[in-house]
Amino acid sequence: MTEILSEETRLRDEIVSIGRSLFDRCYTHGSTGNISARLSNGEILMTPTDASLGNLEGSTLSKFSADGVHIGGAKPTKEAFLHQCMYCERIEASAVVHLHSTNAVAVSVIDGLDPEDLLPPLTAYYVMRVGKLPLAPYFPPGDLALAEAVRERAKSSAAILLANHGPVVAGKTLRDAQHATEELEETAKLFLMLRSEKIRPLTPMQRNNLLQRKN
Ligand SMILES: O=C(CO)COP(=O)(O)O
Ligand SMILES: [Zn+2]
């Protein structure tokens, strides 16, 4: 019991500090984005709806039971079901980060990219932290159909880009999810910078080699 309580306290603190760090560095703005963390007993902490990630309070985070019932804290993010769908499909995950990071959102509105894998393997860290980035079709924020579209794609990818909206990323830890989301955003920025250049992404062999190592 004491162990669970201290794990929960640590995760509450970490959600607050990661939210502040992402917000302060403009990875999301206003009241956009949400963060969640799954405890080892299956309970899930989530950021409240309409909260700024720059200004969260550990004590008011929303809490869900392992079977998905809201059992405490403020009214949860409208994307609660989307986070739950990620956890259902990514059994290794104990954290999910969703942002409206500008460059990733820009990529999410470009027509004609491969919806199974939007970005080329520009760098080793992109392959190591993100790997593959499918597009989920547009549905309004908080719509159950959006969460279902994400669930489908989460079977084969821990990072998904929501069309005309933003990225959602699952990680083994909050730090992993944060770092993967940042890597995704920076790679989207590089991709946009290089759109008119002739580029030389990593080769399939270089990519596969990294995917086997993963660290
Ligand atoms: O990013 C968001 C919706 O997609 C923010 O919604 P919430 O304020 O409900 O978390
Ligand atoms: Zn959103």
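In this predicted model, helix 2 (residues 80-89) and helix 5 (residues 144-154) make a good starting point: their axes come within 8 Å and cross at roughly 20°. Angles under 35 degrees count as roughly parallel, so helix 2 and helix 5 are roughly parallel to each other. As for the hand of the crossing, helix 2 passes helix 5 in a right-handed one. On the helix 2 side, the residues that take part are Phe81, Leu82, Cys85, Met86, Cys88 and Glu89. They meet Leu144, Leu146, Ala147, Glu148, Val150, Arg151 and Ala154 from helix 5. Sorted by type, the residues of this contact come out as 10 nonpolar and three charged, with no polar ones.

Helix 6 comes next. Spanning residues 174-193, helix 6 has 20 residues and reaches 29 Å from its first C-alpha to its last, which is close to the 28 Å expected at 1.5 Å a residue. Quite a list of its residues is buried: Leu174, Ala177, Gln178, Ala180, Thr181, Glu182, Leu184, Glu185, Thr187, Ala188 and Phe191. Charged side chains turn up in that list too, among them Glu182 and Glu185.

Further along, leucine 210 sits in helix 7 (residues 204-213). Leucine 210 has 19 other C-beta atoms within 10 Å, so it is partly exposed; being buried would take 20 or more. Leaving aside residues up to four places away in sequence, leucine 210 touches Ala124, Val127 and Met128. With methionine 128, the C-alpha atoms are 6.3 Å apart, although 82 residues separate the two along the chain.

That leaves the loops. The one between helix 1 (2-24) and strand 1 (34-38) holds arginine 25, and cysteine 26 is found in the loop between helix 1 and strand 1 as well. Arginine 25 is exposed because just 11 other C-beta atoms lie within 10 Å, and 12 or fewer is the mark for that. Its C-alpha atom lies 9.7 Å from that of glycine 54, 29 residues away along the chain. Cysteine 26 is exposed too, with 10 other C-beta atoms within 10 Å.

Backbone angles give these loops another point of interest. Most residues other than glycine have a negative phi. Cysteine 26, however, has a phi near 65°, a positive value in a residue other than glycine. Aspartate 50 is not a glycine either, yet its phi is positive, at about 60°. Aspartate 50 belongs to the loop between strand 2 (44-46) and strand 3 (62-64), and it counts as exposed because it has 11 C-beta neighbours inside 10 Å.

Terms used
Residues numbered from 1 in each chain as written. Chains lettered and ligands numbered in written order. Predicted model: local features only at pLDDT ≥ 70, side-chain atom pairs only at ≥ 80, totals over all residues. Helix = DSSP H or I, 4+ residues; strand = E, 2+ residues; numbered from the N terminus. Contact = placed C-beta atoms within 7 Å. Expected span 1.5 Å × (residues − 1). Axes fitted to C-alpha atoms, helices over the stretch in contact; angles between N-to-C directions. Parallel < 35°, antiparallel > 145°, perpendicular 65-115°, else oblique. Left-handed = near helix turned anticlockwise from the far one by under 90°.
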